Amino acid sequence: MFPSQLKSRSPLSTADIISMVMWPLAVMTVIHRTVILAFNGAVTNDFLPIYTAAVNFINYTDVYLGNFNWTDPHYLYPPSGTLMIAPLGYLDYDLARRLYIVINAIGILVAAYYLLKMFGYGLKSVAMPITIFAMFSTETVSNTLIYTNINGLIFLAQILFLKFLLERRLWWAGVPMGLTIAIKPILAPLLIFPFIKKQWQPFVASLGIPLVLTAIAWPLSKDPGRFVRETVPYLAESRDYFNSAISGNAVYYGLPDWMVLGLRGLFAVITLTSLWLLYRYYRDDELFFLCTASGVILTAQFLLGSLGQMYYSMLIFPLLMTVVMKRSVMRNWPAWLAAYGFLTFDMWYSVPWRQTGEALQFLRTTLGWSLLLIVVCTVLVNRYLDARKAGTLDQGLDPPYIRDDVEYAGVPTKYRTPPAP
């Protein structure tokens with residue numbers, strides 16, 4: 001079979017050539033990140049406290065043992081999350097860790113598949129290998145696997161939540177959301193979508209699953225109260241290491257409180273402006289609205305919250321994927337300069353310019369998230385001002401060259417929503 005691939009064949013299309021180039025690159029990059037880099041591990045090991053907690057839970061010993069004065073990874077899952085990861089404690093450490101890596105890698109691949117399907121691209125499209133290669137080349141995917149974090153499964157839950165909302169499978173939409181809230185509520189702000197549409201069904205599983213798991217886990221845990229007394233207050237604090245949020249940089253660089261409050265207030269206004277314009281003028285295009293607004297909401301959460309880590313940026317992939325849509329806010333170079341900041345696997349430490357290199361290394365994620373929010377808001381505000389000047393606000397914000405084109409080109413029929421009358 002292999003030699004036959006080297007024989008002359010009928011002329012190839014551009015899509016065939018791109019697929020032929022990209023699939024080997026994508027497959028080998030996935031294998032390298034998963035089997036080599038991730039199995040090798042690194043100094044940072046997010047899995048060790050998870051495994052230790054699982055072993056302690058099944059042996060009915062203390063789970064919340066972390067000293068928050070140290071910079072080592074801490075165990076931060078609530079009792080409901082401890083119950084979910086408890087089966088790992090029955091396995092040998094190396095086997096459990098490698099299984100955890102593979103499961104997260106598979107979760108990312110499945111999420112990539114469903115994300116592309118949402119935009120009308122199948123497994124045989126050129127977009128598939130390009131997307132997989134791009135994802136696994138980023139810091140967010142690479143370090144999720146290397147540090148052995150759960151972000152890959154969180155990303156899958158996000159895509160399933162959006163997919164089920166688009167397909168009106170509202171009961172099912174709450175299931176992935178509820179499972180993530182039971183571990184860490186990073187996706188919880190996205191419940192604003194069913195809330196504004198008065199869709200109550202997703203809230204049943206979103207709230208019910210963590211409550212049921214907590215009720216089961218609480219009597220099975222030896223020290224669940226310590227999570228409330230010690231871990232929750234720690235989660236509300238802004239630490240000065242591995243924290244790309246505005247507050248984290250403020251602690252690290254010793255910025256005054258007024259500057260932190262001012263920056264947070266500024267970006268809160270930018271975020272709310274973008275969300276209002278998206279809701280007011282784009283909510284009928286549900287695919288574009290959900291993917292763009294979710295990216296804005298989560299980016300703001302990373303930037304304005306108490307903790308924002310670079311590998312959270314995986315959850316911004318749906319916003320980046322909107323670049324294939326004609327009305328996308330990502331069709332400009334500043335948006336991708338921002339994406340470079342929070343996705344790149346490059347290190348910016350410099351020997352001849354040490355201080356500058358360290359500043360770029362520490363701040364590139366913060367600057368990337370900040371620039372992304374600024375770009376989205378600027379694009380939407382400019383469209384609003386242009387449409388108001390032209391007197392076409394009743395037709396939406398899109399300029400004529402977009403509005404007059406096929407509005408849902410490439411979007412599967414089941415994800416299309418006709419404009420409101």
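Tutor: A residue counts as buried when its relative accessible area is under 20%. The structure discussed here is a predicted model.

Student: Are Arg 327 and Asp 398 buried or exposed?

Tutor: The cut-off to apply is a relative accessible area under 20%. Asp 398 has a relative accessible area of 6%, so it meets that cut-off. Arg 327 falls in the same class, as both residues are buried.

Student: How far apart are the closest N and O atoms of Arg 327 and Asp 398?

Tutor: A salt bridge requires the side-chain nitrogen to lie within 4 Å of a carboxyl oxygen. Arg 327 and Asp 398 form such a bridge, and their closest N and O atoms are separated by 2.5 Å.

Student: How many residues lie between the positions of Arg 327 and Asp 398 in the chain, and where is each located?

Tutor: Arg 327 belongs to the loop between helix H15 (317-321) and helix H16 (333-343). Asp 398 belongs to the loop between helix H17 (354-390) and helix H18 (400-403). The pair therefore links distant parts of the chain, with a separation of 71 residues.

Student: Which parts of the chain does the salt bridge of Asp 398 with Arg 383 tie together, and how far apart are they in sequence?

Tutor: The closest N and O atoms of Asp 398 and Arg 383 are 3.7 Å apart, and the two residues form a salt bridge. Because Asp 398 lies in the loop between H17 and H18 while Arg 383 lies in helix H17, the bridge ties together parts whose separation in sequence is 15 residues.

Student: Which residues are joined into one network by salt bridges that share partners?

Tutor: Arg 383 is buried, with a relative accessible area of 11%. Salt bridges with shared partners make one network of Asp 285, Arg 327, Arg 383 and Asp 398.

Student: About how many helical turns separate Arg 226 and Glu 230?

Tutor: The side chains of Arg 226 and Glu 230 meet in a salt bridge, at 3.1 Å from N to O. Both residues belong to helix H11 (residues 224-235) and are four residues apart, so their separation is about one helical turn.

Student: What is the orientation of H2 and H4 relative to each other?

Tutor: The axes of helix H2 (residues 47-58) and helix H4 (residues 93-118) come within 11 Å and cross at roughly 120 degrees. Angles of 65 to 115 degrees count as roughly perpendicular and those over 145 as roughly antiparallel. The crossing angle fits neither range, so H2 and H4 are oblique.

Notes: Residues are numbered from 1 along each chain as its sequence is written. This is a predicted model: local features need pLDDT of at least 70, side-chain atom pairs count only at pLDDT 80 or more; totals for chains, interfaces and linings use all residues. Side-chain values use heavy atoms; hydrogens and water are left out. Axes are lines fitted to C-alpha atoms, for helices over the stretch in contact, and angles run from 0 to 180 degrees between N-to-C directions. Helices (H or I, at least four residues) and strands (E, at least two) are DSSP runs, numbered from the N terminus. Angles under 35 degrees count as roughly parallel, over 145 as roughly antiparallel, 65 to 115 as roughly perpendicular and the rest as oblique. Buried means under 20% relative accessible area, exposed over 50%, partly exposed in between (1.4 Å probe, protein chains only).
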